[in-house]
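Here is a short briefing on one protein chain. Keep the structure open and follow along.

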Amino acid sequence: MLAEERFHEIIRLVNERKTMTVQELTELLDSSESTIRRDLTELHKRHQLVKVHGGATALQMGYTTKDEAVSVRKDMNMEEKQRIAKYAAERIKKNDFVYVDAGTTTGCLIDWICEQGAVFVTNGIVHARTLAEKGYKVFLLGGELKAATEAVVGGETMESLKRYHFTKGFFGTNGVSKRHGFTTPDPNEALVKQEAMRQTERCYVLADSQKFGMVSSVTFGVFEEATILTETEPPEGFSGSKNIRVAK
């Protein structure tokens, strides 16, 4: 089977079943696993499907209403997340007072931070511990712990945020849409993100290309409100946007 014929079949199967694993595609198309993985990478670049860990989902699956647990999300699109995180970490300078949002991509950011002169605030339990272990001065916000995302949320968290004024903030998102802005499934988490963005001079949203066109239940920021850091050229409809930066 020629590559374009295989591409057509992959797109048909993914659109029909909404989600497919590499193993399923390998068996149905009688192709090697390495071939299918390369095909999914190419089709993802063409924005004809969404490549995820272990397979692909249809573009029509663009609405999410709940957060997957961190244990599920942490290994998804890891190469892309690391590239974005490294690029984001380079934005942190001496004397910055930095907000780090809970999330798996912002968690990768911490691995790349080198600036010892910055001070950090976070609502991520694991983020706070990792920053402290690396020797950084870090403040952990108080409030209710949301187990699925390991984020601290609630009224106490909101009140704590109002006391701070950040030079830079790094935020995760479940979706990026020009119409709906930055979205997340949880209203309480959205409120915390929104308040943190209000208290931040320069906001960065860390979003791998899979997030473009995705929409979740609650908006926490408008599209133009932050600089978006991503790993590849954004899909049609987002190209040319002045607030998108591609990690080099």
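Which residues are linked with Glu-4 in a network of salt bridges? They are Glu-42 and Arg-46. The model is predicted. The points below cover its charged pairs, its nonpolar cores, helix H9 and the strands around E16.

**Salt bridges**

- The whole structure holds 14 salt bridges.
- Arg-12 pairs with Glu-16, with the closest N and O atoms 3.4 Å apart.
- Both residues belong to helix H1 (residues 3-17). They are four residues apart, so about one helical turn separates them.
- Residues three or four places apart in an α-helix point the same way, because there are 3.6 residues a turn.
- Arg-12 is partly exposed, at 37% relative accessibility. Glu-16 counts as exposed, at 52%.
- Lys-86 forms a salt bridge with Glu-90. Their closest N and O atoms are 3.3 Å apart.
- Lys-86 is partly exposed at 37% relative accessibility. Glu-90 is partly exposed at 37%.

**Asp-186: a buried charged pair**

- Asp-186 forms a salt bridge with Lys-146. The closest N and O atoms lie 3.4 Å apart.
- This pair links distant parts of the chain, 40 residues apart.
- Asp-186 sits in the loop between strand E12 (181-184) and H9. Lys-146 is in strand E8 (residues 144-146).
- Are these two residues buried or exposed? Both Asp-186 and Lys-146 are buried.
- Asp-186 has another contact, at the start of H9. One of its side-chain oxygens comes to within 2.8 Å of the backbone nitrogen of Asn-188.

**Helix H9**

- H9 covers residues 187-198, twelve residues in total.
- From first C-alpha to last, H9 reaches 16 Å. That is close to the 16 Å expected at 1.5 Å a residue.
- Buried residues in H9 are Glu-189, Ala-190, Val-192, Lys-193, Glu-195, Ala-196 and Met-197.
- The list includes charged residues as well as nonpolar ones, among them Glu-189 and Val-192.

**Nonpolar cores**

- In soluble globular proteins, nonpolar side chains tend to be buried together.
- The largest nonpolar core here has 26 residues. Within it, Tyr-99, Val-176 and Ile-228 touch the most other members.
- Five elements each give two or more residues to this core: strand E5 (97-100), helix H8 (155-161), strand E10 (166-172), H9 and strand E13 (200-206).
- Which element gives the largest share of this core? H9 does, with four residues.
- A second, separate core has 21 residues. Ile-84, Ala-88, Leu-109 and Tyr-136 are among them.
- Beyond its neighbours within four places in sequence, Tyr-99 has many listed contacts, including Val-121, Leu-141, Leu-161, Phe-166, Phe-170 and Phe-171.
- Tyr-99 also contacts Val-192 and Ala-196, and both of these are buried in H9.

**Asp-96, in the loop before E5**

- Asp-96 lies in the loop between helix H5 (78-89) and E5.
- Its relative accessible area is 9%, so Asp-96 counts as buried.
- Setting aside neighbours within four places in sequence, Asp-96 contacts Arg-91, Ala-118, Val-119, Thr-167 and Lys-168.
- Lys-168 is also in contact with Tyr-99.

**Strand E16 and its partners**

- E16 spans residues 227-230. Thr-227 and Leu-229 point one way, while Ile-228 and Thr-230 point the other way. All are buried.
- E13 and E16 run parallel and are joined by three bridges. Val-205 stands opposite Ile-228.
- E16 also runs parallel to strand E17 (residues 244-246), again with three bridges. There, Ile-244 is the bridge partner of Ile-228.
- Ile-228 thus recurs: it is one of the core residues that touch the most other members.

**Val-222, in the loop before E16**

- Where is Val-222 found? The residue is in the loop between strand E15 (218-221) and E16.
- Val-222 is partly exposed, at 48% relative accessibility.
- Apart from neighbours within four places in sequence, Val-222 contacts Gly-181 and Phe-182.
- Val-222 and Ala-3 are 219 residues apart along the chain. Their C-alpha atoms are separated by 40 Å.

How values were computed:
Residues are numbered from 1 along each chain as its sequence is written. This is a predicted model: local features need pLDDT of at least 70, side-chain atom pairs count only at pLDDT 80 or more; totals for chains, interfaces and linings use all residues. Side-chain values use heavy atoms; hydrogens and water are left out. The expected span of a helix is 1.5 Å times one less than its number of residues. Buried means under 20% relative accessible area, exposed over 50%, partly exposed in between (1.4 Å probe, protein chains only). A polar contact is a pair of N or O atoms within 3.5 Å; within protein, one must be able to donate a hydrogen and the other to accept it, and residues adjacent in sequence count only if both atoms are side-chain atoms. A nonpolar core is a set of buried Ala, Val, Leu, Ile, Met, Phe, Trp, Tyr and Cys residues joined through side-chain atoms within 4.5 Å. Contact means heavy atoms within 4.5 Å. A salt bridge is a side-chain nitrogen of Lys or Arg within 4 Å of a carboxyl oxygen of Asp or Glu. Two strands pair if DSSP finds at least two bridges between them.
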